[in-house]
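Student: I would like to go through this structure with you. Could we begin with how its surface is quantified?

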Amino acid sequence: MAEGKPRRRTPLVRLGAPGPYVLFALLSTVLWFPVRLVEDPDRSVPLALVRAGLYGVGWGLIPILMAFLPGVRARADSGQVRAWNRLRAALRRGEVPADEADRAAVIGQLPTVRRGALIAVVGGVLLFGGLAVLAPTVDRTASGVFYVVVLTIVLALAGVTLGRVRRLDRRLADTR
């Protein structure tokens with residue numbers, strides 16, 4: 001890669017938004033759960049789960065934010081990174097790339113983006129929806145409201161991503 005060119009930001013996990021966040025939040029919640037149990041053994045297991053979920057929501061952002069750090073960015077000269085960047089640009093603009101190689105890269109990556117958005121919908125409802133239902137039962141109503149807000153944001157982002165994928169898919173079908 002030439003020294004003068006800026007590096008592109010690429011996520012650590014290439015899935016459609018907000019799929020990586022939901023996966024990282026789930027992993028963080030699972031990792032924080034035993035810590036919350038050990039920290040206060042006199043409290044109930046559901047309360048430890050709700051508290052671990054709060055940490056999971058915050059810590060789930062860390063890998064996503066790491067993509068913005070200069071030393072963590074992926075090498076821009078790899079074929080997968082170039083294909084991912086072409087797809088992101090096509091999704092943002094809503095236009096089919098004119099170049100045949102770019103079009104093939106976009107077509108190859110669309111199922112991955114769709115899969116990530118669907119993972120976010122299903123995983124978000126299960127994780128954040130489940131925690132939102134559990135939180136009031138352990139007298140953590142504010143936490144339940146917070147989980148509903150996070151779930152709403154996740155579903156909105158997944159809806160936008162799926163809409164962009166659908167629009168680009170239609171435009172790709174029209175150009176074939």
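Tutor: Accessible areas here come from the Shrake-Rupley method with a 1.4 Å probe. Please keep in mind that the model is predicted.

Student: What area does the chain expose, and what share do carbon and sulfur atoms supply?

Tutor: The chain exposes about 10000 Å², and carbon and sulfur atoms supply 63% of it. Buried residues make up 38% of the 176 residues in the chain.

Student: How many helices and strands are there?

Tutor: There are six helices and zero strands. Read from the N terminus, the order of elements is α-α-α-α-α-α.

Student: Among contacts between residues at least 6 apart in sequence, what share joins residues at least 24 apart?

Tutor: That share is 75%.

Student: Let us turn to helix packing. At what angle do H1 and H5 pack?

Tutor: Helix H1, residues 19-39, and helix H5, residues 100-134, pack at about 35°, and their axes are 7 Å apart. Their crossing is left-handed.

Student: Which residues meet there?

Tutor: From H1, the participants are Gly 19, Tyr 21, Val 22, Leu 23, Ala 25, Leu 26 and Thr 29. They meet Gly 116, Ile 119, Ala 120, Gly 123, Gly 124, Leu 127 and Phe 128 of H5. By class, this contact comprises nine nonpolar, five polar and no charged residues.

Student: And the largest nonpolar core, how many residues has it?

Tutor: That core has 20 residues. Those with the most contacts inside it are Tyr 21, Val 22, Val 57, Phe 128, Tyr 147, Val 150 and Val 154. At least two of its residues come from each of H1, H2 (45-59), H5 and H6. Apart from it lies another core, of 10 residues, including Leu 87, Ala 90, Val 106 and Leu 110.

Student: Is there a general tendency behind such clusters, and what is it?

Tutor: In soluble globular proteins, nonpolar side chains tend to be buried together.

Student: Back to Tyr 147, then. What is it in contact with, beyond its neighbours within four places in sequence?

Tutor: With those neighbours left aside, Tyr 147 is in contact with Val 50, Gly 53, Leu 54, Val 57, Phe 128, Leu 131 and Ala 132.

Student: Where is Ser 143, and is Ser 143 buried or exposed?

Tutor: Ser 143 is placed in helix H6, which covers residues 141-175. Ser 143 counts as buried because its relative accessibility is 11%, and the cut-off for buried is under 20%. Not counting residues up to four places away in sequence, Ser 143 touches Val 50, Leu 54 and Ala 135.

Student: What about the loop between H5 and H6?

Tutor: Asp 139 lies in that loop. The phi of Asp 139 is near 60°, which is a positive value in a residue other than glycine.

Student: Why does Asp 139 count as exposed?

Tutor: Its relative accessibility is 69%, and exposed requires over 50%.

Student: A change of topic: Arg 36 and Arg 93. Is Arg 36 buried or exposed, and is Arg 93 buried or exposed?

Tutor: Arg 36, in helix H1, counts as buried because its relative accessibility is 4%. Arg 93, in helix H4 (residues 79-93), counts as exposed at 57%. Leaving aside neighbours within four places in sequence, Arg 36 is in contact with Ala 48, Arg 51, Ala 52 and Tyr 55. For Arg 93, the C-alpha to C-alpha distance to Leu 168 is 9.2 Å, with their positions 75 residues apart in sequence.

Student: Ala 48 came up there. Which residues does Ala 48 touch?

Tutor: Not counting residues up to four places away in sequence, Ala 48 touches Phe 33, Arg 36 and Leu 37. Ala 48 belongs to helix H2 and counts as buried at 5% relative accessibility. The C-alpha atoms of Ala 48 and Leu 37 are separated by 5.7 Å, and the two are 11 residues apart along the chain.

Student: And where does Pro 46 lie?

Tutor: Pro 46 also lies in helix H2, and at 32% relative accessibility Pro 46 counts as partly exposed. Pro 46 touches Leu 134 and Val 138, not counting residues up to four places away in sequence. Pro 46 and Val 138 are 92 residues apart in sequence and 7.0 Å apart in space, C-alpha to C-alpha.

Key: Residues are numbered from 1 along each chain as its sequence is written. This is a predicted model: local features need pLDDT of at least 70, side-chain atom pairs count only at pLDDT 80 or more; totals for chains, interfaces and linings use all residues. Side-chain values use heavy atoms; hydrogens and water are left out. Helices (H or I, at least four residues) and strands (E, at least two) are DSSP runs, numbered from the N terminus. Buried means under 20% relative accessible area, exposed over 50%, partly exposed in between (1.4 Å probe, protein chains only). Contact means heavy atoms within 4.5 Å. Axes are lines fitted to C-alpha atoms, for helices over the stretch in contact, and angles run from 0 to 180 degrees between N-to-C directions. A crossing is left-handed if the near helix is turned anticlockwise from the far one by less than a right angle, and right-handed if clockwise. Ala, Val, Leu, Ile, Met, Phe, Trp, Tyr, Cys and Pro count as nonpolar, Asp, Glu, Lys and Arg as charged, and the others, Gly among them, as polar. A nonpolar core is a set of buried Ala, Val, Leu, Ile, Met, Phe, Trp, Tyr and Cys residues joined through side-chain atoms within 4.5 Å.
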